[in-house]
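Biologist: I'm new to this one. Could you walk me through how to read it?

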Amino acid sequence: MASGPSVLMRLVASAYSIAQKAGVIVRRVIAEGDLGIVEKTCATDLQTKADRLVQMSICSSLARKFPRLTIIGEEDLPLGGVDQELIEDDQWEEILQKPCPAQYLAIKEEDLVVWVDPLDGTKEYTEGLLDNVTVLIGVAYEGEAIAGVINQPYYNYQAGPDAELGRTIWGVLGLGAFGFQLQEAPAGKHIVTTTRSHGSKLVSDCVSAMEPDAVLRVGGAGNKIIQLIEGKASAYVFASPGCKKWDTCAPEVILRAVGGKLTDVHGNALRYYKDVKHMNSAGVLAALRNYDYYASRVPESVKKALVP
């Protein structure tokens with residue numbers, strides 16, 4: 001007799017509903033007009049009321065339902081004393097109907113690490129560049145990113161006042177990625193997406209080495225991966241140590257689930273063990289197709305400067 005859904009699929013189904021609630025919170029904070037901005041380490045490293053409320057919502061909702069999970073969030077916040085209205089108990093039924101890939105059927109709750117970025121693209125959020133903003137919930141097993149959920153709170157926000165705002169994308173390795181229409185960038189074009197607010201000489205040198213036909217400078221790792229899977233860009237190049245594990249865990253899964261690849265600038269896989277350092281100190285290089293072309297063009301000077 002068949003047993004119920006696996007731990008992994010129950011977790012992803014919960015993360016989907018939790019991410020949707022997160023999108024509502026993100027929109028509500030802007031609508032109320034007080035972003036509650038504080039600087040963390042510098043003027044480009046910001047935290048808002050939305051970052052704080054969303055992280056409390058995601059981490060507390062997951063911890064309540066999956067008490068043996070390891071949950072690592074971007075913001076340094078206490079878990080206790082969370083307002084009940086921030087808790088999301090639902091699970092997305094459609095995900096529970098999907099088959100769990102065989103290699104993940106026996107996973108136990110305590111084997112999983114969840115990486116949470118409550119508001120990816122915070123600086124852009126504070127500047128009104130709302131299409132850059134995502135909420136990221138990534139799931140790792142034995143150091144590998146295997147499942148991810150991305151909510152775009154302001155998807156469709158330029159379609160007029162009556163448009164339905166927001167969407168949630170999700171994926172599991174070996175099953176696929178859902179919630180969007182896969183598109184490839186124009187054949188033969190090298191369109192590079194890179195950082196908008198964390199530029200440096202290394203980043204510029206690496207982007208130039210790709211001989212791009214166009215360069216898109218936008219916020220958010222989640223947003224950049226969405227550009228790859230929707231055909232707006234052909235490579236994501238970030239030759240800097242500024243990106244963290246919670247930025248890449250969920251987006252990496254979505255990209256890999258549709259045949260793409262994400263590594264550091266040396267071509268090494270990123271690892272997501274619970275005790276790993278949080279910073280992706282050797283940068284990020286990703287593509288939906290033709291990854292090898294971009295990897296072959298990373299300058300040696302950039303590789304020497306960015307140590308894994």
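Modeller: Sure, we'll go through domains, sheets and helices in turn. Keep in mind that this is a predicted model.

Biologist: Let's start with the overall layout. Which domains is the protein chain divided into?

Modeller: There's domain 1, covering 7–178, and domain 2, covering 191–305. Their C-alpha centres lie 21 Å apart. As for how they meet, 41 residues of domain 1 are in contact with 30 residues of domain 2.

Biologist: Now the sheets. How do I read one?

Modeller: Strands of a sheet pair through backbone hydrogen bonds, either parallel or antiparallel. One open sheet here has six strands, ordered β3-β4-β5-β6-β7-β8, with mixed pairing. At its edges are β3 (70–73) and β8 (176–178), each pairing on one side only. From one strand to the next, the twist averages 15°.

Biologist: How many bridges join β5 to β6?

Modeller: Seven, between β5 (residues 134–141) and β6 (residues 144–152), and the two strands run antiparallel. For a spot to look at, find Y141: its bridge partner in β6 is E144.

Biologist: Which strands does α7 touch on that sheet?

Modeller: Helix α7 (residues 245–257) packs on it and touches β3, β4, β5, β6, β7 and β8; its direction makes about 95° with that of β6. Helix α2 lies across β3, β4 and β5, running at about 155° to β4.

Biologist: And what is the strand order in the five-strand sheet?

Modeller: That open sheet goes β10-β9-β11-β13-β12, again with mixed pairing. β10 (214–218) and β12 (261–263) each have a single partner strand, so one side of each is left without a neighbour in the sheet. The twist averages 20° from one strand to the next. Within this sheet, β9 (residues 191–195) and β11 (residues 235–238) pair in the parallel sense over two bridges, and V192 stands opposite A235 in β11. Helix α5 (residues 201–209) lies across β9, β10 and β11, at about 175° to β9.

Biologist: Last topic: how do I describe two helices packed together?

Modeller: Two packed helices are described by the angle between their axes and the distance between the axes. Take α1 (residues 7–32) and α2 (residues 49–65): their axes come within 9 Å and cross at roughly 155°. That angle makes α1 roughly antiparallel to α2. The crossing is right-handed.

Biologist: Which residues make the contact?

Modeller: On α1 they include L11, I18 and I25, and on α2 they include L53, V54 and I58. By type, the contact residues divide into eleven nonpolar, three polar and five charged.

Notes. Residues are numbered from 1 along each chain as its sequence is written. This is a predicted model: local features need pLDDT of at least 70, side-chain atom pairs count only at pLDDT 80 or more; totals for chains, interfaces and linings use all residues. Side-chain values use heavy atoms; hydrogens and water are left out. Axes are lines fitted to C-alpha atoms, for helices over the stretch in contact, and angles run from 0 to 180 degrees between N-to-C directions. Helices (H or I, at least four residues) and strands (E, at least two) are DSSP runs, numbered from the N terminus. Angles under 35 degrees count as roughly parallel, over 145 as roughly antiparallel, 65 to 115 as roughly perpendicular and the rest as oblique. A crossing is left-handed if the near helix is turned anticlockwise from the far one by less than a right angle, and right-handed if clockwise. Contact means heavy atoms within 4.5 Å. Ala, Val, Leu, Ile, Met, Phe, Trp, Tyr, Cys and Pro count as nonpolar, Asp, Glu, Lys and Arg as charged, and the others, Gly among them, as polar. Two strands pair if DSSP finds at least two bridges between them. Domain bounds come from an automatic or database domain assignment.
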